[in-house]
Amino acid sequence: MPLANPSIHHKIHQNGLALIEVLLSLGLSSVMFLVLFTAQSYSQKVIVYSQQLHYANRLLDRVAHQVWAYPKHYDFLLSTASPASVICLYGGYCNPVAMAQAWGAHWQAEMERKLPNGQLGVFCDSGCISGDTLYIRLTWQQSLAITTDICQQGVACIDLKITL
Amino acid sequence: MHRPKNYALTFSVKQHGFTLLEVVLSAGLAAFIMMPITASLLHFNQHKLLVQVIVQSQSQAQLAVAQLLADWRNLCSAGVTSGTAQTIDLIRQYQGRCMPYSYAYNITSHSLTRRKFGGRNSGFLAQVESVDFYYGVDSDKDCQIDQWRRSYQSSERTDLHQVRVMLQLRTPASRQLRIGKTILWVWHEEDDVVIHPADFTWRVLDVCP
């Protein structure tokens, strides 16, 4: 079959990406990664907060179990204990006041060790007598914590009320 | 096939390869893009593993505590008869009868075993790194614990009020995690597990009003 136009001029133009296109792509990718990292960091913080809450709940449960053992000495749970009081929890004979102080010091130390600026609070409405309400409150620093009735922004707290 | 005699075919294709500069710049750009992508993937993977371990360890701790408390709920007769730092013997109800049971830590199988009187040891709680019992006793009958000791015998003139169970559990974790020691757990490199505490206090019975 004869060719209509025997002379073929084949010219190939290959244009690469313009600098502006490359820069825009890079900028878009950067924004995308920034968003991903921000979301990831926030998620990580939420996990840490959840872990802290879980730990605090378990500690609160232990505290609630222990306070029952010293029904007349709640006031001493947060009074200053001597460093030697730790022996009360590991084999030593102690009177109820010393034992309550030792537990208070133990929990406080545990809160400080495990949670940032962790604080333990034990208090009653009035006098810690029968019929009164005992509050056990754990607080610690946590940027994700929102304002509640009992705690301000940035401070996480959980509490337990026990009717005496 | 018929071909005209005057046929002139002019076909010119110019193929230029990449210059060295282009190759270097392309490789640099690819590396620049790949670096954050790789870092992100690694970070996401780490994040996923971390979440898995946290959820597993939390649920494992809750289940272990619930399992022990449920098993020790129905005491009868003398209740806790004796105990050491790593064993505890008690009498609990079994099919309507009071039956002695022994619980002990088995270091080789990393488990807490249970044995019914006259029976054999059977695994009760798996993935246990260590267990320590402290017995809160009242020796002067004033209804308050005055000593936390490592052993207990019901024949002694003391009332057992509480048992502190200091339990450490093992949660299998991927080697890729390698998070070392955090405030709430310790990474055990040889066995690829994280060791985390699940301490709790068991109120044996309400001895006093």
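User: Where does Gln147(B) lie in chain B?

Analyst: Gln147(B) is part of strand β7, which covers residues 147–149 of chain B. Keep in mind that this is a predicted model.

User: Why is Gln147(B) called buried?

Analyst: Its relative accessible area is 8%, and buried means under 20%. So Gln147(B), at 8%, counts as buried.

User: What makes the pairing of Gln147(B) with Tyr93(A) a polar contact?

Analyst: The two side chains come to 3.4 Å, and the cut-off for a pair of N or O atoms is within 3.5 Å. The pair therefore passes as a polar contact.

User: Which residues is Gln147(B) in contact with, leaving aside its neighbours within four places in sequence?

Analyst: On the chain A side there are Gly91(A), Gly92(A), Tyr93(A) and Met99(A). From chain B come Tyr135(B), Gly136(B) and Val137(B). Contact here means heavy atoms within 4.5 Å.

User: Zooming out, how many helices and strands are there in chain B?

Analyst: Chain B has one helix and twelve strands. Read from the N terminus, the helix comes ahead of the strands: α-β-β-β-β-β-β-β-β-β-β-β-β.

User: And what share of chain B counts as buried?

Analyst: That's 38% of its 209 residues. Chain B exposes about 12300 Å², with carbon and sulfur atoms supplying 56% of that area. As for contacts in chain B with a separation of 6 or more, 48% of them join residues 24 or more positions apart.

User: What is the area buried between chain A and chain B?

Analyst: About 3900 Å², and carbon and sulfur atoms give 58% of it. Gln40(A), Gln51(A) and Tyr93(A) lose the most area to chain B in chain A, together 14% of what that side buries. Tyr93(A) is also the polar partner of Gln147(B). The contact draws on 42 residues from chain A and 43 residues from chain B.

User: How many salt bridges and polar pairs are there between the chains?

Analyst: The salt-bridge count between chain A and chain B is zero. For polar contact, the count is eight residue pairs, both residues being at pLDDT 80 or more.

User: Which elements of chain A each supply at least two residues of the side that touches chain B?

Analyst: Those are α1 (19–67) and α2 (96–114). α1(A) gives the most, with 17 residues.

User: How do the residues of that side of chain A divide into nonpolar, polar and charged?

Analyst: There are 23 nonpolar, 14 polar and five charged residues on the side of chain A that touches chain B. Gly counts as polar in this scheme.

Terms used: Residues are numbered from 1 along each chain as its sequence is written. Chains are lettered from A and ligands numbered from 1 in the order in which they are written. This is a predicted model: local features need pLDDT of at least 70, side-chain atom pairs count only at pLDDT 80 or more; totals for chains, interfaces and linings use all residues. Side-chain values use heavy atoms; hydrogens and water are left out. Helices (H or I, at least four residues) and strands (E, at least two) are DSSP runs, numbered from the N terminus. Buried means under 20% relative accessible area, exposed over 50%, partly exposed in between (1.4 Å probe, protein chains only). A polar contact is a pair of N or O atoms within 3.5 Å; within protein, one must be able to donate a hydrogen and the other to accept it, and residues adjacent in sequence count only if both atoms are side-chain atoms. Accessible areas come from the Shrake-Rupley method with a 1.4 Å probe; for residues, only the protein chains shown count as cover. Buried area is the accessible area (1.4 Å probe) that two parts lose on being put together, summed over both. A salt bridge is a side-chain nitrogen of Lys or Arg within 4 Å of a carboxyl oxygen of Asp or Glu.
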